[in-house]
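This note collects several points for discussion with colleagues. The sequence and structure are shown first, and the comments follow as numbered points.

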Amino acid sequence: MSHLQNRGLADAAFAHESEGDAPGGGAPLARGLKQRHLSMIALGGVIGAGLFVGSGAGVAAAGPSIVLAYALSGVLVMLVMRMLGEMSAANPASGSFSVHAERAIGPWAGFTAGWMFWTLLCVGVGAEAIGAAGIMTGWFPGTPSWMWVLLFMTTFCGTNLAAVRNFGEFEFWFAALKVGAISLFLVLGGLAIFGILPGTHAPGTANLTGDGGFLPHGTNGLVIGLLTSVFAYGGLETVTIAAAESENPVRGVARAVRTAMWRIGVFYVGSMLVIVTLIPWNDPTVTTSGPYVAVLDHLDIPAAGQLMNVIVLIALLSAMNANIYGSSRMAYSLIARGQGPKALGTVTSGVPRRAVIASSAFGFIAVLLSYWWPETVFTWLLNMVGAAVLVVWGFIAAAQLRMRRKLEREAPEKLVVKMWAFPALTWAALAGVLAILALMAREGDTRVQLYFTGGLALALSLIGYLRQKAQTARA
């Protein structure tokens with residue numbers, strides 16, 4: 001059957017899914033998220049555990065140029081979010097980029113992007129549960145880590161099973177705490193940089209240009225810092241998934257995307273600038289305690305380590321909650337479009353409960369694998385999703401290239417959010433994704449992730465293509 005017929009199948013499936021219908025014509029998803037929920041999810045979603053936990057390695061590798069690394073990767077993320085925002089504002093759907101890829105490229109693309117993102121989120125749930133349990137066992141020595149994992153998994157699975165507004169309320173307060181914490185960090189750091197904070201003196205550019213200069217390890221260090229920073233941004237896509245269950249999806253997506261630039265600039269680039277300005281990049285505490293704790297200790301903030309542990313715990317729990325939500329909605333969307341087992345597509349009281357349970361169960365299995373085979377199976381899982389977000393970003397760029405022309409022809413009034421300088425910046429973003437994948441091939445650690453993720457992407461693409469051919473033959 002022709003490509004136009006394949007596109008017709010994808011459009012029909014999209015129309016079915018975008019109406020919020022469950023497979024088999026069941027109840028629709030509830031629109032229980034208020035604008036305040038979506039606004040805070042968009043604001044706090046940019047502040048992930050990766051920023052607090054993983055940034056120390058980036059600072060140690062790149063030195064002061066970590067600011068440039070976060071700025072460069074931030075520009076790429078802003079372009080990706082703008083493209084995704086354009087498509088999501090035009091056609092809000094719980095499958096977000098998976099739906100857009102299906103419409104623009106074909107069912108195989110929606111299948112690949114959707115299930116890859118689902119795997120990424122579910123493995124993330126397990127990794128975050130392990131990290132949160134580690135903090136709790138540090139506070140309560142002698143308690144088994146599995147107990148905390150079970151507690152957290154049960155809590156967030158339960159809240160996501162009850163109603164979408166529960167997810168929204170948890171994320172609202174988690175995000176408020178994260179935003180408050182990092183805002184306070186930036187204020188204290190800014191005062192210290194200008195010597196206004198009591199007990200401090202203005203460091204000037206001593207830490208930015210001393211100890212090897214701005215690029216102490218040359219471009220290789222900058223590359224490592226760039227790779228570290230890219231993956232700290234993962235998870236921003238969830239806001240476009242959540243928008244489909246909000247009171248006003250189009251307005252919510254538009255507002256979230258339009259504020260992405262200053263949020264990334266302030267929270268990520270701003271905090272990195274504060275860190276490398278106030279303390280030497282090669283201070284051992286940057287990697288042993290973490291850059292945020294190192295700065296707070298430098299400012300003589302009492303109990304800085306424990307304070308940061310609380311913030312990291314909040315970030316991990318927030319990520320768990322968001323990942324269970326995002327994975328369940330992505331699974332629901334795929335099933336609604338005939339891309340997954342129908343048994344998991346049931347919607348009860350506006351919630352895809354079987355998809356929530358399945359996504360939570362996968363995350364819990366990942367935790368068990370980390371205990372049983374930490375050096376083999378769990379490591380393979382982590383490697384398989386290591387570059388998954390880049391594959392998803394690639395699909396977003398490719399889909400927007402094709403979707404924009406179609407919207408301009410058929411429904412220009414839906415272009416509430418427009419990609420800047422189209423198509424030049426779309427091509428630039430796609431080139432940026434490919435460049436980062438090429439840089440991953442240069443480094444030993446990331447090369448393994450690239451191979452594993454590539455294998456997963458190829459396997460999903462093959463399955464999706466064979467399913468598409470079978471569906472075309474039946475039609």
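1. Is leucine 150 buried, partly exposed or exposed? The model is a predicted one, and in it leucine 150 has a relative accessible area of 38%. Leucine 150 is therefore classed as partly exposed, since that class lies between the limits of 20% for buried and 50% for exposed. The residue is placed in helix H7.

2. Leucine 150 also belongs to a nonpolar surface patch of about 690 Å², together with Trp146, Met147, Tyr371, Trp372 and Trp373. Two elements give two or more residues to this patch, namely helix H7 (145-162) and helix H17 (353-372). Helix H7 supplies the largest share, with three residues.

3. Aromatic contacts deserve separate comment. The whole structure contains 13 aromatic pairs. One of them joins phenylalanine 156 to phenylalanine 170 in an edge-to-face arrangement, with 5.6 Å centre to centre and 75° between the planes. Phenylalanine 156 lies in helix H7 and phenylalanine 170 in helix H8 (residues 164-193), so that this pair links distant parts of the chain, 14 residues apart. The partners differ in accessibility class: phenylalanine 156 is buried, at 3% relative accessibility, whereas phenylalanine 170 is partly exposed, at 30%.

4. A stacked aromatic pair is formed by phenylalanine 167 and tyrosine 325, with 4.0 Å centre to centre and 5° between the planes. Because phenylalanine 167 is in helix H8 and tyrosine 325 in helix H16 (residues 304-336), the pair ties together parts that are 158 residues apart in sequence. Both phenylalanine 167 and tyrosine 325 are buried.

5. Two further ring contacts may be noted. Trp115, Trp118 and Phe362 are linked into a cluster by ring pairs. In addition, the charged end of arginine 36 sits over the ring of phenylalanine 172, at 4.7 Å from the ring centre.

6. Why is there no bond between the sulfur of cysteine 122 and the closest cysteine sulfur? The closest cysteine sulfur is that of cysteine 157, and the separation of 11 Å is too far for a bond; a disulfide would need the two sulfur atoms within 2.5 Å. The relation is reciprocal, because the closest cysteine sulfur to cysteine 157 is in turn that of cysteine 122. Cysteine 122 is buried, with 0% relative accessibility, and cysteine 157 is buried as well, with a relative accessible area of 14%. The structure as a whole holds zero disulfides.

How values were computed:
Residues are numbered from 1 along each chain as its sequence is written. This is a predicted model: local features need pLDDT of at least 70, side-chain atom pairs count only at pLDDT 80 or more; totals for chains, interfaces and linings use all residues. Side-chain values use heavy atoms; hydrogens and water are left out. Patches are made of residues with over 30% relative accessible area and no salt bridge: like charges are joined within 9 Å, nonpolar side chains (Val, Leu, Ile, Met, Phe, Trp, Tyr) within 5 Å. Accessible areas come from the Shrake-Rupley method with a 1.4 Å probe; for residues, only the protein chains shown count as cover. A salt bridge is a side-chain nitrogen of Lys or Arg within 4 Å of a carboxyl oxygen of Asp or Glu. Helices (H or I, at least four residues) and strands (E, at least two) are DSSP runs, numbered from the N terminus. Buried means under 20% relative accessible area, exposed over 50%, partly exposed in between (1.4 Å probe, protein chains only). Rings of Phe, Tyr and Trp (its six-membered ring) pair if their centres lie within 6.5 Å; planes under 30 degrees apart count as stacked, over 60 as edge-to-face and the rest as tilted. A charge sits over a ring if NZ of Lys or CZ of Arg is within 6 Å of the ring centre and within 35 degrees of the ring normal.
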